[in-house]
Amino acid sequence: MNFAHLRTFVAIADHGGFGRAAARLNLTQSAASRQIQGLEAELGVKLFDRIGRGVQLTSEGEDLLRRFRRVLAEVETVGERARLLKGGETGILRVGATPQVIENLLANFLSRYRRRHPNVEVHLVEDGGVRLYGRLERGDVHLTLTAVSGRFESRLLYPMHALAALSPTHRLARRAKLEIAELADEPLLLLGRDFGSRDWFDAACSVAHIRPRVLLESAAPHTLIALAATGYGIAIIPSNAQVPRGAVRTVPLVHRGASVGRWAMIAWDQQRFLAPYAEQFVAEIVAHCRRDYPGRDLIRRAPLLPRPKETNADPR
């Protein structure tokens, strides 16, 4: 069905005749007449009754007019959508992140991002830091916020340190920093093995030749913090976890004076197309983290974390 013929039909109905509609559409009257004849032949129904020099909709024409208006409105919407997609101003963006990154970084960032980019629909994919690498590799997400870049292109976001969360009355709570080796005989509360920070901690324990005494492995940092606040054990958490003020004391973990941690980064697969709005997302979240990032106040006493080289300074 020719949409131009539908527009001509609607224009004739709106203007009450061929002459005014043809002038509005920049057509000759005979061309408009031929379009309506063709449309009537295609549909198998008569759309107008000719009355003198004017026209009047038939009952079939009245019924189809309402439907054709909806069709043309939808066509216009689709056309506008296509123009926005071509210009990179709209689309769906899948972003993978850990629960604490979603809670402590993305929740705040996305509220402002959506106001600036209302036509970009951000879908969040929640997973552990270890598994996010695989999701990016498989193409489940366009971007991932993780501490592992591997073969992917990436931009640095902020440093993340492993912290010991202790009851304020614990004998180690007043330390400026805490050596991994000092945890050898302490009851520990750890995150599950799909957390990236658990990976760093296990690696540091291996290097320090200690075997952690683990009372609990949990998927929820706030569970570990709640138990640590009661003195049940020492919780090992990443600095981007949300720590209730006054509930526990947090002390940076070190091995031989060097901080145990990684840089958070946003990564993407350079072998796959990255839409302009995804590039803009990268640029804006990097700028956001230069101003503020999760756990900034918790790591003031931590040694500086070496800044790794970015694999690509600009996704574009």
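**Exercise 1.** In this predicted model, find which residues L145 touches, leaving out those up to four places away in sequence.

*Solution.* Start from L145 and collect its partners on the N-terminal side of the list: V95, G96, A97, V101, L105, L106 and L132 are among them. Then add L157, M265, I266 and I285, which L145 also touches. Next, place L145 in its setting: together with L106, L253, F281 and I285, L145 has the most contacts inside the largest nonpolar core, a set of 64 residues. Strand β6 gives this core its largest share, eight residues. Finally, look beyond it: another core of 18 residues lies apart, and L6, A22, A32 and L64 are among its members.

**Exercise 2.** Count the aromatic pairs, then classify the one formed by F109 and F281.

*Solution.* The count comes to eight aromatic pairs. For F109 and F281, the ring centres are 5.3 Å apart and the planes meet at 85°. Planes over 60 degrees apart count as edge-to-face, so this pair is edge-to-face. Now trace the chain: F109 sits in helix α5 (residues 99–116) and F281 in helix α9 (residues 276–291), 172 residues apart. Are the two buried or exposed? F109 is buried at 2% relative accessibility, and F281 is buried at 0%.

**Exercise 3.** Work out how the rings of Y158 and Y293 are arranged.

*Solution.* Their centres are 5.4 Å apart and their planes lie at 10°, so the pair is stacked. Y158 belongs to strand β6 (residues 153–166) and Y293 to the segment after α9, so the pair ties together parts 135 residues apart in sequence. Both Y158 and Y293 are buried.

Methods
Residues are numbered from 1 along each chain as its sequence is written. This is a predicted model: local features need pLDDT of at least 70, side-chain atom pairs count only at pLDDT 80 or more; totals for chains, interfaces and linings use all residues. Side-chain values use heavy atoms; hydrogens and water are left out. Rings of Phe, Tyr and Trp (its six-membered ring) pair if their centres lie within 6.5 Å; planes under 30 degrees apart count as stacked, over 60 as edge-to-face and the rest as tilted. Helices (H or I, at least four residues) and strands (E, at least two) are DSSP runs, numbered from the N terminus. Buried means under 20% relative accessible area, exposed over 50%, partly exposed in between (1.4 Å probe, protein chains only). A nonpolar core is a set of buried Ala, Val, Leu, Ile, Met, Phe, Trp, Tyr and Cys residues joined through side-chain atoms within 4.5 Å. Contact means heavy atoms within 4.5 Å.
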